[in-house]
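Here is a friendly briefing on a two-chain model. Take a look at the sequence and the structure first, and then walk through the points below.

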Amino acid sequence: MDLLATKIIHVNNIQELELIENIFLNFRKTQPAMFVRDSMHYSFARNYLDLNQANRLLQILKLKYKYGIFLDSYTANMLMDYFIKNGDHKNAALTAHEIMLQENAENEFTLAVCLLTCFKCLRIGVDDVDEESNIEDSKQTKEKRLVYFLRKEYNDEHFDLKSIPKLCGKTIYFSSSNLKMDDQNLNKNLKLYGLVHFGKYEKAVEFLENSMIKNNEAIYDFVIDDFKKTIDSLIQNEESSQKFSASIEKWNNLSKVLESESEKFVSKANIDSIIQKIENYVNQIGESQTKIDIENQNNLFLKWNKEQESELNEQIRSFAMEQKKQSILQRLENLEKQEEMITFFEKRQEIIDAYYGKGFPTEYPSDIPIEPEESIFKAKYERHFKPWPKYMNRPKSSYGISKSRASKLESLKKIYFANSNQPQ
Amino acid sequence: MSKIEYVGRAGRFLGKSLPQICLKLKNFGIGRMFTRETYKRYPEVTYYVLTDFEADMSDEYLRRGVFKADVVFRGGHYGNMEIPGFKEDFQLIAKEEEKFFLERTLSLGQKWREPTKVSKFVDLPPLLKEMLVQEAKEKNIQFDENELKLPLNIRTNSPFSHATYE
C-alpha cells in the first residue's frame, strides 16, 4: 500500500482515482492495516494535493473508520495553505480541526496557522445545520421499541462534536494553550474566546476570574460582547439556565466589576486588528521555523527511504527462498518417479507378490466390505430407557413405577417408606 | 419516517469501546490514557495507559481485539495486563488533563489501603475437634489442646492479593 500511495500521481481520470480509493477502503478492513507506516499517510495526502483534489481529500480525512488516513503537520500546512490561497476559509478550518482532534502539538507553525484559519472562519460566520434538523425530527411521531439493554447517550465533546463554531472554539483554545506567545495578554484573550465558543461556560468564567481579573489583564471588548450574547441566550433557555445557574451568577458579579472599572480592564480592539496581529505572528514564526522544518522533513524522507528499501529487500529475499524451496521439492518428486520407472523390471516380482499374496487393498469404494454396525435405534433406546448407572444394582421397585394403579401405590410405598417401619 | 425511541433498562456503562476511540486516532492511541466510567465512583484515580492495540479490523461493531495496558487502579500500579476493551465504558483523557491523573497516582508498590493482617492459624470446626479428641483418647495419644489448629495459607505473590501474616 505504501508503493500504491506514492504512485497515485500517475492517475489519468477520476474513475481510476475512485478505484484506488476503493482499494484503500477494502485494505482498511484487513488485518495488515494495523501496521501501516507514516509514509503512506504523507504520500497519499501529498499526491492528492498535487492532483488538485483537495476537497476530495478532506472528505476522505473525515471518514476515519473507513479510510484511516491522517494528516501530518507538514501536509496539514500545505492543505491549509492551498485553501487559504483559494479564499476557502471554511475548508481550511475543517483541516485545522483534524489537528485538534489528533492533539498533535509538535509543530508550532501549524498551531499558529490553525488559530488564524479558525478565527477567519468564525469571522465569516457558519450556520449550524445540525440543531435545526434535530428540532424538525422531534416534531415527528415517535415509535417506541423495547430493548433488553439500553445504551446511554454519550457525547465525549471531542470526536462527537459536529457544529463548526464549537469545533473552531476548541481548536482556538487548544492551539493557544500549546503556543508559547510573547504577548501573554493576547494569548489569554484567545483562550477565553475559544472557551466561550466551545461552550464550556463554567471553565470560561473560572478562567476569567482567576487568571484575567486577578492579574489585572486587559480584555478585548469583542470577547466580552460574545460572552454577553451567549450568556443572554443561555438565560432565555430554561434548561440551560438551570444547568449553568452558578456560572451565570458569577458572570453577573464579574460584569459589574468590568463595567465599574472599564478603563482598567476593557481595551478596545476590532476582530480585524486581532487577525492582523495573528497574521504578523504567523509570519514571524514562519521565518524562524521554516529552516528547522525543512531539515526535519529531509531527515524524515531519508529515514523512510531506508525503511522502505530494507523492507522491500527482505520481502524479495523471502520470496526467492520460498521459490527455491519449492523447486527443490519438485526435483525430488521427479527423481522418485524416475527411480520407480528405472527399477521397475528389477522389482517386478516383488510388486506382483505383494498384489496377489498378501492381498492388496482394492481402491474402489464399492469393493470395500461393510462392517456390521450397531443400529442407531438400539443405542438410542438403551440410552433412554435403561436406568441411570447409579441405580443399576438396586431392585427395580426402587426406581421404576409399574403401570397398574394398585401396584403403583405399593411401589410408591416401597420407595418412600423403605426405611421406616411404620407406614402411615 | 418516524423516529425510533428505545425503551429498556439502562446499564451502568457510559462511553465507547476501545476500538471505537482508537481507530479514530493516529498510531492507534498507543501511549494515551483512558478511564472507565464505572471506576469514577472511587475517590482515587483509575486509568489505563495503552501499550498494545490489536483490533479485529473486519469487525463491524468495533469491539473485538486484544488490548494491553498499564493498569492503575485506585492510585496503585498493577502492572501490564490485558484489559476488556470490548466494554463500551472507556473515555479518552485529553493530553491537557493527563497531568491531573499523574499527580494523584501513588508510588510503586503503594496501594490505597494497608494490607489486611491475617493470623497464621485458625481454630478447628467444633465437631471435627471433638472427633479428633475422641480418636486420640481411644488410641492413647497425648496432645496439647492449644495445638489443635489449622494453618491458613494465603497468596502473597499475585498482583491482586493484598494481605500479610501478623
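Let us begin with chain B, whose domain assignment gives domain 1 (18-103) and domain 2 (116-165). Taken over C-alpha atoms, the centres of domain 1 of chain B and domain 2 of chain B are separated by 44 Å. Please keep in mind that this is a predicted model.

**Where the chains meet**

- The contact between the chains draws 29 residues from chain A and 23 residues from chain B.
- On the side of chain A that touches chain B, strand 1 (residues 142-146) of chain A gives the most, with 5 residues.
- By character, the residues on this side of chain A divide into 11 nonpolar, 7 polar and 11 charged.
- Strand 1 of chain A pairs with strand 1 (residues 3-7) of chain B in the parallel sense, over 5 bridges.
- For a look at individual bridge partners, A:Lys144 goes with B:Glu5 in strand 1 of chain B, and A:Arg145 goes with B:Tyr6 in that strand.
- Is strand 1 of chain A largely buried or in the open? Strand 1 of chain A lies largely in the open, because the number of its 5 residues that are buried is 0.

**The sheet in chain B**

- In chain B, 5 strands form an open sheet in the order 5-4-3-2-6, and their pairing is antiparallel.
- The edges of this sheet are strand 5 and strand 6 (90-92) of chain B, each of which pairs on one side only.
- On average, neighbouring strands of this sheet are turned by 35 degrees against each other, direction ignored.
- As background, strands of a sheet pair through backbone hydrogen bonds, either parallel or antiparallel.

**Strand pairs inside that sheet**

- Strand 2 (residues 33-36) of chain B and strand 3 (residues 47-55) of chain B run antiparallel and are joined by 2 bridges.
- One place to find this pairing is B:Phe34, whose bridge partner in strand 3 of chain B is B:Tyr48.
- Strand 4 (residues 65-73) of chain B and strand 5 (residues 76-82) of chain B also run antiparallel, with 5 bridges joining them.
- In strand 5 of chain B, B:Glu82 is the residue opposite B:Lys68.
- Which residue takes a positive phi in the hairpin of strand 4 of chain B and strand 5 of chain B? That residue is B:Arg74, with a phi near 50 degrees, in a hairpin that has 2 residues between the strands.

**Chain A as a whole**

- Chain A has 19 helices and 3 strands.
- Of the 424 residues of chain A, 21% count as buried.
- Among the contacts in chain A between residues at least 6 apart in sequence, 69% join residues at least 24 apart.

**A close-up of A:Ala5**

- You will find A:Ala5 in helix 1 (residues 2-6) of chain A.
- Why does A:Ala5 count as buried? A:Ala5 is buried because 23 other C-beta atoms lie within 10 Å, and the cut-off for a buried residue is 20 or more.
- Leaving aside residues up to four places away in sequence, A:Ala5 touches A:Met40, A:Ser43 and A:Phe44.
- A:Thr230 is 225 residues apart from A:Ala5 along the chain, and the C-alpha atoms of these two residues are separated by 46 Å.

Key. Residues are numbered from 1 along each chain as its sequence is written. Chains are lettered from A and ligands numbered from 1 in the order in which they are written. This is a predicted model: local features need pLDDT of at least 70, side-chain atom pairs count only at pLDDT 80 or more; totals for chains, interfaces and linings use all residues. Domain bounds come from an automatic or database domain assignment. Two residues are in contact if their C-beta atoms, placed from the backbone, lie within 7 Å. Helices (H or I, at least four residues) and strands (E, at least two) are DSSP runs, numbered from the N terminus. Ala, Val, Leu, Ile, Met, Phe, Trp, Tyr, Cys and Pro count as nonpolar, Asp, Glu, Lys and Arg as charged, and the others, Gly among them, as polar. Two strands pair if DSSP finds at least two bridges between them. A residue is buried if 20 or more other C-beta atoms lie within 10 Å of its own, exposed if 12 or fewer, and partly exposed in between; C-beta atoms are placed from the backbone. Axes are lines fitted to C-alpha atoms, for helices over the stretch in contact, and angles run from 0 to 180 degrees between N-to-C directions.
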